[in-house]
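Me: I would like to go through this protein with you at the bench, one helix at a time. Please take each question slowly and finish on the value or name I ask for.

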Amino acid sequence: MGSRLALQSSQIKSKLVIPILKELNVLKAVQSLNTNNFVNFHNKLMDYLYLMLGLSSGYRPVKETFGRLEDIDIETGFYFISDKENRVHAQGRFIILPDMVKLQLQNYENYLYRNMKLFNNQHHHLGQLLQAIYESNVSIISYLEINDVDDVCFMANQNNDFITKRFKPYAHLPLNWYRHHIRSLKEIDHSLFSSNITEINDEVICSWMGHADQLGFDYYDVFSGLKRSEQAKLANHINGKLEEYGFEAVELME
């Protein structure tokens, strides 16, 4: 079950979370000074959300990284994930997001709503871009850039190569690194769950990752013996690990 591609827990905190969180808080203080500052803050926020959602969900990108806001019920934490496996009887799966992630996404929604209204009132194109994220017309994780004619637009080709280059100053992230991290259940100090291996049902982990059982059925098929309460327990455990890694729900309003 383990994977040598997983980052160690200490590396996630020291090389990724803490440096990016510090930069995010610095940029937050100056985001309203000009458009360039706002774009820099927004993109650093995308980095932070990428890490948080990746380590919480093990999302396997199909077309867009982490889907769209409409895929998440922020109040309950239910997160619909489209799988790339073409199983006739299933188009995707549900997991339950940890409380910290729900709060961060609520803060993100509030940030999008406030700023899309602000920039739309100013007849600034940036408002339309933020509105596109808020209304689920584009991905939850959507980076911005200022083009050659000083217009703000979505960055093109936000793919795996883009993400690798984006995080290269902090750490080398192999493809789908956070999935390898979650899968590493048996690797001491590699896994989100290494401290509580005996309490975690492997089938719950497999369902979380979007795997089929040995017969090709979903783990939460109509005949499954798994309970959603087991997912809630896993979400609670992940929440504790996120805290250990230095994550926090950042308030995005100045």
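Me: How many Å does α2 reach from its first C-alpha to its last?
Reply: The model is predicted, with local features needing pLDDT of at least 70, side-chain atom pairs counting only at pLDDT 80 or more, and totals for chains, interfaces and linings using all residues. Residues are numbered from 1 along each chain as its sequence is written, and side-chain values use heavy atoms, leaving out hydrogens and water. Helices (DSSP runs of H or I, at least four residues) and strands (E, at least two) are numbered from the N terminus. With 23 residues, α2 is expected to span 33 Å at 1.5 Å a residue (1.5 Å times one less than the number of residues), and the reach in the model is close to that, at 32 Å.

Me: How many of the residues of α2 are buried?
Reply: Buried means under 20% relative accessible area, exposed over 50% and partly exposed in between, with a 1.4 Å probe and protein chains only. By that cut-off α2 is mostly covered, and of its 23 residues the number buried is 20.

Me: Why does N43 count as buried, and at what relative accessible area?
Reply: N43 lies in α2, which covers residues 35–57. N43 counts as buried because its relative accessible area is 4%.

Me: Which residues does N43 touch, not counting those up to four places away in sequence?
Reply: Contact here means heavy atoms within 4.5 Å. Leaving out residues up to four places away in sequence, N43 touches Y143, L144, M155 and R166.

Me: Which residue follows α2 with a positive phi?
Reply: The phi in question is near 65 degrees, and the residue is G58.
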